Amino acid sequence: MAEGPPRGRTPSPGPGGAPGPPSPRSAGPAGAPNPTAANATAAASKWVRLNVGGTYFVSTRQTLCREPKSFLCRLCCQDGPELGSDKDETGAYLIDRDPTYFGPILNYLRHGKLIINKELAEEGVLEEAEFYNIASLVRLVKERIRDNENRTSQGPVKHVYRVLQCQEEELTQMVSTMSDGWKFEQLISIGSSYNYGNEDQAEFLCVVSRELNNSTNGIVKEPSEKAKILQERGSRM
């Protein structure tokens, strides 16, 4: 009895109807996903397109999720239903905010540094940081605004100098009273012409200085008691 073809294979007809060689097995199961297409989809899911006031920004989900409680993280990264934000025809999230101030916001999420161009108002960046609920950035902008206000109110730094005449035995006491912003600059010996009893007492000129900032916002501050002591000693000259 003649043997038939192996089970599970159907021989292909050869020339003239004769059985041909068996067909090669398929490369994989039917309906298996294409690895190349899967990788492309995964790469595309890492990027997010934003339409902020008509200007497009592109960033990664990792960057937008840098602040877990921020609006951007809730919009693009967290599981569950997204915030009520529409998308345009390109699939970008629509955000009705000023794009001019969004650049510093996005750059802060990228590298953690606050960089504001000179033409941008810091108050505008603060407003956007509060809207997007980025707490760490809000603190940084407020500190910078406060520092700028302090520098503006103080104006240029000036110094006042005083020359004090004292004996050698008074140097220690004089140095102990040098507080309230005063600092030592120079000590000049003027000889020992001053006679006290049977001993000559050396005398010195002591130059001290401090920053002059007695007037702030029109309010004149009275000098402290230690400052008055230095002033009285300087009047001996």
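I begin with Phe57, a residue that counts as buried, at 16% relative accessibility. The model I am presenting is a predicted one. In it, F57 forms an aromatic pair with F102, and the geometry is edge-to-face: 4.8 Å centre to centre, with 65° between the planes. F102 is likewise buried, with a relative accessible area of 0%. What does this pair achieve in terms of the chain? F57 belongs to strand β2, residues 55–60, and F102 to helix α4, so the two rings tie together parts that are 45 residues apart in sequence.

This pair is one of five aromatic pairs that the structure holds. Ring pairs also link F57, F71, F102, F131 and Y132 into a cluster.

Before going further, let me set out the overall picture. The protein has 237 residues, of which 28% count as buried. Its secondary structure comes to eight helices and 10 strands. Among contacts between residues at least 6 apart in sequence, 56% join residues at least 24 apart.

A word on confidence. The average pLDDT is 74, and 60% of the residues score at least 70. Over residues 24–28 the pLDDT is below 50, and this stretch has one contact in the model beyond near neighbours in sequence. Residues 214–221 also fall below 50, with five such contacts. Where pLDDT is low, the predicted coordinates should not be read in detail.

I turn now to the nonpolar interior. In soluble globular proteins, nonpolar side chains tend to be buried together. Here the largest nonpolar core has 29 residues, and those with the most contacts inside it are L50, L72, I95, F102, I105, Y132 and L137. Which elements give two or more residues to this core? They are β1 (47–52), α3 (71–76), β3, α4, α5 and α6 (135–154). Of these, α4 gives the most, with five residues.

L72 illustrates how this core is joined. Setting aside residues up to four places away in sequence, L72 touches L50, L64, C77, I95, F102, L109 and Y132. There is also a second, separate core of nine residues, which includes L164, M174, A202 and C206.

C206 has a further relationship to report, with V163. These residues are 43 apart in sequence, yet 5.6 Å apart in space, C-alpha to C-alpha. V163 lies in strand β4, residues 158–167, and counts as partly exposed at 37% relative accessibility.

Let me return to the two helices α4 and α5. In α4, the buried residues are F102, P104, I105, L106, Y108 and L109. Just after α4, G112 takes a positive phi of about 75°. In α5, the buried residues are E122, G124, V125, L126, E128 and A129. Just after α5, N133 takes a positive phi of about 60°.

The list for α5 contains E128, and this brings me to charge. Side chains of opposite charge can pair when their charged atoms come close. How many salt bridges does the model contain? The count comes to one. It is formed by R97 and E128, whose closest N and O atoms are 2.9 Å apart. R97 lies in the loop between β3 (93–95) and α4 (102–111), whereas E128 lies in helix α5 (residues 122–131), so the pair ties together parts that are 31 residues apart in sequence.

Are the two partners buried or exposed? E128 counts as buried, at 6% relative accessibility, while R97 is partly exposed, with a relative accessible area of 22%.

R97 has a second contact of interest: it lies over the face of F131, at 3.9 Å from the ring centre. F131 is itself part of the aromatic cluster I described earlier. A further arrangement of this kind involves R49, whose charged end sits over the ring of Y56, 4.1 Å from its centre.

I close with a loop residue, D86, found between α3 and β3. D86 counts as exposed, at 58% relative accessibility. Which residues does D86 contact, leaving aside its neighbours within four places in sequence? They are A92, Y93 and L94.

To summarise, F102 brings several of these threads together. F102 pairs edge-to-face with F57, belongs to the ring cluster, is among the residues with the most contacts inside the largest core, and is touched by L72.

Key:
Residues are numbered from 1 along each chain as its sequence is written. This is a predicted model: local features need pLDDT of at least 70, side-chain atom pairs count only at pLDDT 80 or more; totals for chains, interfaces and linings use all residues. Side-chain values use heavy atoms; hydrogens and water are left out. A salt bridge is a side-chain nitrogen of Lys or Arg within 4 Å of a carboxyl oxygen of Asp or Glu. Helices (H or I, at least four residues) and strands (E, at least two) are DSSP runs, numbered from the N terminus. Buried means under 20% relative accessible area, exposed over 50%, partly exposed in between (1.4 Å probe, protein chains only). A nonpolar core is a set of buried Ala, Val, Leu, Ile, Met, Phe, Trp, Tyr and Cys residues joined through side-chain atoms within 4.5 Å. Contact means heavy atoms within 4.5 Å. Rings of Phe, Tyr and Trp (its six-membered ring) pair if their centres lie within 6.5 Å; planes under 30 degrees apart count as stacked, over 60 as edge-to-face and the rest as tilted. A charge sits over a ring if NZ of Lys or CZ of Arg is within 6 Å of the ring centre and within 35 degrees of the ring normal. pLDDT is the predictor's confidence in each residue, from 0 to 100.
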